[in-house]
Amino acid sequence: MSLTTPAGDRASGSRLHSDLHWVFARLKQALATAEVSVVREHGMTLWGYTVLMAIVEAPVRSQLALAQAVSVDKSKLVLVLDELEAAGLVRRRPDPADRRARIVEATEDGRRALDAAREDVEAIENRLLDDLDAPAQQALRSVLRQLVGAPVVRIEDGQQADNACVPPRT
């Protein structure tokens with residue numbers, strides 16, 4: 001079911017289309033819909049793809065640091081790592097400095113799968129941004145990267161993520 005309507009472009013000045021939560025939620029929904037089957041073809045889920053990308057970018061990272069880097073709960077991360085490890089895309093080994101901690105590393109198969117998946121994901125992202133010229137695409141990506149840093153931390157104010165779809169407790 002599509003959330004766009006023939007009046008979608010005309011509604012761009014509406015409250016709904018001006019609401020950042022709705023705009024980002026709609027973009028996330030569309031990207032997830034398009035990307036879930038693509039990354040699955042490479043043996044991973046969207047969370048697996050994200051976690052694997054973080055592992056490749058900063059190897060020899062503890063599970064705790066990895067959870068913080070991708071903004072996922074530690075228990076969810078363990079499930080994702082279990083899936084990636086079962087698929088042969090990552091390996092976990094004890095940290096020599098702290099035997100209770102685990103270091104997570106991408107395997108060669110994991111690096112190849114990530115490269116192939118990233119290429120397919122980039123094609124989807126490029127299709128999404130096709131209506132923007134190159135400078136606008138670069139500006140959008142730059143602004144979004146800036147927003148996920150200090151501004152996000154500022155508005156989260158140390159609060160735990162909550163399920164926004166659940167009615168408030170009374």
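Here are some notes on this predicted model, going from overall confidence down to a single loop residue.

1. **How far to trust it.** The chain averages a pLDDT of 87, and 86% of the residues score at least 70. Confidence peaks in helix α6, with a mean of 97, and is lowest in strand β1 (residues 61-62), with a mean of 78. As a reminder when you look at weaker spots, coordinates should not be read in detail where pLDDT is low.

2. **Overall layout.** You have 8 helices and 3 strands to find in the chain. Starting at the N terminus, the elements go α-α-α-β-α-α-β-β-α-α-α. Looking at contacts with a separation of 6 or more, 48% of them are between residues 24 or more positions apart.

3. **Surface and burial.** Of the 170 residues, 25% count as buried. The chain exposes about 12,200 Å², and carbon and sulfur atoms supply 55% of that area.

4. **The sheet.** The 3 strands form an open sheet in the order β1-β3-β2, with antiparallel pairing. That leaves β1 and β2 (90-95) as the edge strands, each pairing on one side only. In general, strands of a sheet pair through backbone hydrogen bonds, either parallel or antiparallel.

5. **Who pairs with whom.** On one side of β3, β1 is joined to β3 by 2 bridges, and Arg61 stands opposite Val104 of β3. For β2 and β3, which also run antiparallel, there are 6 bridges. If you want a residue pair to click on there, Val90 has Ala106 in β3 as its bridge partner. The connection from β2 to β3 is a hairpin through 2 residues.

6. **Helices on the sheet.** Which strands does α3 touch? Helix α3 packs on the sheet with contacts to β1, β2 and β3, and its direction makes about 100° with that of β3. Helix α5 also packs on the sheet, touching β2 and β3, and its direction makes about 120° with that of β2.

7. **The core.** The largest nonpolar core has 23 residues. Met44, Val51, Leu52, Ile55, Leu66, Leu81 and Leu84 have the most contacts inside this core. At least two core residues come from each of α3 (46-57), α4 (63-70), α5 (74-86), β3 (98-106) and α6 (108-128). Helix α3 gives the largest share, 5 residues, and α3 is also one of the helices packing on the sheet.

8. **Met44 up close.** Worth displaying as sticks: leaving aside residues up to four places away in sequence, Met44 touches Val39, Tyr49, Leu52, Leu84, Leu89, Ala113, Leu114 and Ala117. Two of these neighbours, Leu52 and Leu84, are themselves listed among the core residues with the most contacts.

9. **An odd phi at Ser71.** Most residues other than glycine have a negative phi. Ser71 has a positive one, about 55°, although it is not a glycine. Where does Ser71 lie? This serine is in the loop between α4 and α5. Is Ser71 buried or exposed? With a relative accessible area of 62%, Ser71 is exposed, since anything over 50% counts as exposed.

How values were computed:
Residues numbered from 1 in each chain as written. Predicted model: local features only at pLDDT ≥ 70, side-chain atom pairs only at ≥ 80, totals over all residues. Heavy atoms only, no water. Core = buried A, V, L, I, M, F, W, Y, C linked by side-chain atoms within 4.5 Å. Buried < 20%, exposed > 50% of the residue type's maximum accessible area, 1.4 Å probe, protein only. Helix = DSSP H or I, 4+ residues; strand = E, 2+ residues; numbered from the N terminus. Contact = heavy atoms within 4.5 Å. pLDDT = per-residue confidence, 0-100. Pairing = 2+ DSSP bridges. Axes fitted to C-alpha atoms, helices over the stretch in contact; angles between N-to-C directions. Areas by Shrake-Rupley, 256 points an atom, 1.4 Å probe, with all protein chains shown as cover.
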